Amino acid sequence: DRFLDEWVFDVRPPTDHRPFFYNFCRLSATRALKQAFGDTWMTRAELGLLFVVFAIVLASAVGGVLILAPLCWSREARAQTRKCVTVGYFASIGLGYLILEMTYLSRLTHLIGDPVLAASVTIGGFLLLSGMGSLTADRARSLDRRAWRRILVGVVVTGLIGLAALEYVSLAVGGWPMALRCTVALALIAPPAYLMGFPMPLGLRRLDAGASLLVPWAWGVNGFASVVAAPLATAIGMTWGFDVAAAAALCFYALAALLLTRLPEGAAAQR
């Protein structure tokens, strides 16, 4: 254990929760690698994690600038209240959605047995089911604040249950035909994916009632967060495993549940 902790490369064996067979990078060892390999240190295959971190930093920097830029041109937008709450809510659901989706993808690859087919089932299933959830949310105009918060808590609960059940389900149905395994995979992701379609339209409806000028800005915040989420999920998975990535995604949804009722709202929404 001491050798594994102190060696310049990360040579711990991969696991199902951290299935990166060719990741040996330790960010803390970058200086030692530069000294060992000189000008060619950036060509080392062991530095894959470093490029993922660069992608996170670059996307975050560009996203931050472009999120703040509209406020420099629009005096009306600057005058709106609770802009930090708006950023926190729509960034949280953007980060939570993509990180949780990628966590499910890593687990469903074990269940389905083919990475390409698993990606098709996971991405297609999440898009279809969350789209159905958004359609339901758009038509459910009578939901009150407590119902909105229960939906976000439901994402956390169903996500935890689904991820906890996946390992046991994979062992139980691993020998079934491919079509049945794909059906089981869709059934596992259906509850959280459906509920994950609610937060965006619910938040936009509330924001439109209280600060309509911030609606396109909120779309931008959510979009940039979704872009950052993909390399962020990969970096967390490579460093600490997808269990931690799943916990981070569910924490983002828990944060969104706290922020939802603090979004700007109009008189109609208050009634």
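A salt bridge is taken here as a side-chain nitrogen of Lys or Arg within 4 Å of a carboxyl oxygen of Asp or Glu, and by this rule the count comes to four salt bridges. The structure is a predicted model, in which local features need pLDDT of at least 70 and side-chain atom pairs count only at pLDDT 80 or more, while totals for chains, interfaces and linings use all residues. Residues are numbered from 1 along each chain as its sequence is written, and side-chain values use heavy atoms, with hydrogens and water left out.

**The chain as a whole**

The chain contains 12 helices and zero strands, where helices (H or I, at least four residues) and strands (E, at least two) are DSSP runs numbered from the N terminus. Along its principal axes, the C-alpha trace spans about 65 × 50 × 30 Å. Of the 271 residues in the chain, 46% are buried; buried means under 20% relative accessible area, exposed means over 50%, and partly exposed lies in between, with a 1.4 Å probe and protein chains only. Among contacts (heavy atoms within 4.5 Å) between residues at least 6 apart in sequence, 77% join residues at least 24 apart.

The chain exposes about 14,200 Å², of which carbon and sulfur atoms supply 67%; accessible areas come from the Shrake-Rupley method with a 1.4 Å probe, and for residues only the protein chains shown count as cover. The chain carries 23 positive and 16 negative side chains, and the centres of the two sets lie 11 Å apart. In this count Lys and Arg are positive and Asp and Glu negative, with His and the chain ends not counted, and the place of a charge is taken as NZ of Lys, CZ of Arg, CG of Asp or CD of Glu.

**Charged pairs and an unpaired acid**

Side chains of opposite charge can pair when their charged atoms come close. The table gives salt bridges from this model.

| Acid | Base | Closest N to O |
|---|---|---|
| Glu 6 | Arg 2 | 3.3 Å |
| Asp 10 | Arg 18 | 2.3 Å |
| Asp 243 | Arg 107 | 2.2 Å |

Glu 6 and Arg 2 are four residues apart in helix 1 (residues 2-6), so they are separated by about one helical turn, and both of these residues are exposed. Arg 18 and Asp 10, by contrast, are both buried.

The salt bridge between Asp 243 and Arg 107 links distant parts of the chain, with Asp 243 in helix 11 (residues 242-260) and Arg 107 in helix 5 (residues 83-112), 136 residues apart. Asp 243 counts as partly exposed because its relative accessibility is 39%, whereas Arg 107 counts as buried because its relative accessibility is 8%.

Helix 5 also holds Glu 101, which is buried yet has no salt bridge, the nearest side chain of opposite charge being that of Arg 107, 15 Å away. Not counting residues up to four places away in sequence, Glu 101 touches Thr 122, Ile 123 and Phe 126.

**Buried positions in helices 5 and 7**

Thr 86 lies in helix 5 and counts as buried because its relative accessible area is 0%. Leaving aside neighbours within four places in sequence, Thr 86 is in contact with Leu 207, Leu 214, Trp 217, Ala 218, Leu 263 and Pro 264. Ala 91, also found in helix 5, is buried with a relative accessible area of 18%. With neighbours within four places again left aside, Ala 91 is in contact with Val 221 and Ala 225. Ala 91 and Gly 220 are 129 residues apart in sequence, and their C-alpha atoms are 9.4 Å apart in space.

In helix 7 (residues 145-173) lies Gly 154, which counts as buried at 15% relative accessibility. Not counting residues up to four places away in sequence, Gly 154 touches Gly 159 and Leu 195. Gly 154 and Met 200 are 46 residues apart in sequence and 15 Å apart in space, C-alpha to C-alpha.

**A nonpolar surface patch**

Leu 58, Val 62, Val 65 and Leu 66 make a nonpolar surface patch of about 370 Å². Patches are made of residues with over 30% relative accessible area and no salt bridge, like charges being joined within 9 Å and nonpolar side chains (Val, Leu, Ile, Met, Phe, Trp, Tyr) within 5 Å. Leu 58 is found in helix 3 (residues 48-73) and counts as exposed because its relative accessible area is 57%.
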